[in-house]
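User: I should like a close look at a single part of this protein, set in the context of the whole. Please give one connected account.

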Amino acid sequence: FATGLVLGAGFAGAMYPVWNAIFQETLSREYRHPATGLFVVGNSLGVVTAVLISLLFDIQTIIIIVACIAAANLLLLIPISKISLRP
């Protein structure tokens with residue numbers, strides 16, 4: 001558990017500058033700040049949601065919920081990536 005927390009914290013800390021660089025390179029000027037704000041809010045909501053889910057459900061239900069959230073995220077990223085990669 002402790003190893004997972006340390007690795008997760010390291011990954012999260014490393015991803016903030018990476019996402020900022022990705023937003024700078026792929027998004028137009030008017031969308032950079034809102035995209036960064038949504039990223040930070042999404043991360044914060046994800047942490048709170050994870051804690052609440054872990055308090056309310058057993059491990060099998062948590063795995064199903066996480067899989068559904070991951071699939072929904074992938075479906076949402078497809079149209080966003082097509083829009084942001086246009087010249």
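How far apart are the end C-alpha atoms of α2, and what span should its 28 residues have at 1.5 Å a residue?

Analyst: The end C-alpha atoms of α2 lie 41 Å apart, and at 1.5 Å a residue its 28 residues should span 40 Å, so the two values agree. This is a predicted model, and the distances below are to be read as computed from it.

The setting of the helix comes next. The protein contains 3 helices and 0 strands, and its elements follow the order α-α-α from the N terminus. Helix α2 covers residues 29–56, and a loop separates it from α3, which covers residues 59–84. Confidence in the protein is highest in α2, with a mean of 84, and lowest in helix α1 (residues 2–26), with a mean of 77. For the protein as a whole the average pLDDT is 80, and 90% of the residues score at least 70. Where pLDDT is low, predicted coordinates should not be read in detail.

As to burial, 10% of the 87 residues in the protein are buried. Within α2, the buried residues are R32, A35, F39 and I53. An α-helix has 3.6 residues a turn, so residues three or four places apart point the same way.

R32, which belongs to helix α2, merits separate attention. R32 counts as buried because its relative accessible area is 19%, and the cut-off for burial is under 20%. Leaving aside residues up to four places away in sequence, R32 touches F23, Q24 and L27. R32 and N20 are 12 residues apart in sequence, and their C-alpha atoms are 8.4 Å apart in space.

The surface provides the other side of the picture. The accessible surface of the protein amounts to about 7,100 Å², and carbon and sulfur atoms account for 76% of that area. V47, V48, V51, L52, L55, L56 and F57 make a nonpolar surface patch of about 700 Å². Among these patch residues, F57 is located in the loop between α2 and α3. F57 counts as partly exposed because its relative accessibility is 39%, and partly exposed residues fall between the 20% and 50% limits.

In summary, α2 has an end-to-end distance that agrees with its expected span, and its buried residues include R32 and I53.

Technical notes. Residues numbered from 1 in each chain as written. Predicted model: local features only at pLDDT ≥ 70, side-chain atom pairs only at ≥ 80, totals over all residues. Heavy atoms only, no water. Helix = DSSP H or I, 4+ residues; strand = E, 2+ residues; numbered from the N terminus. Buried < 20%, exposed > 50% of the residue type's maximum accessible area, 1.4 Å probe, protein only. Areas by Shrake-Rupley, 256 points an atom, 1.4 Å probe, with all protein chains shown as cover. Patch = residues over 30% accessible without salt bridge, like charges linked within 9 Å, V, L, I, M, F, W, Y side chains within 5 Å. Salt bridge = Lys/Arg side-chain N within 4 Å of Asp/Glu carboxyl O. Contact = heavy atoms within 4.5 Å. Expected span 1.5 Å × (residues − 1). pLDDT = per-residue confidence, 0-100.
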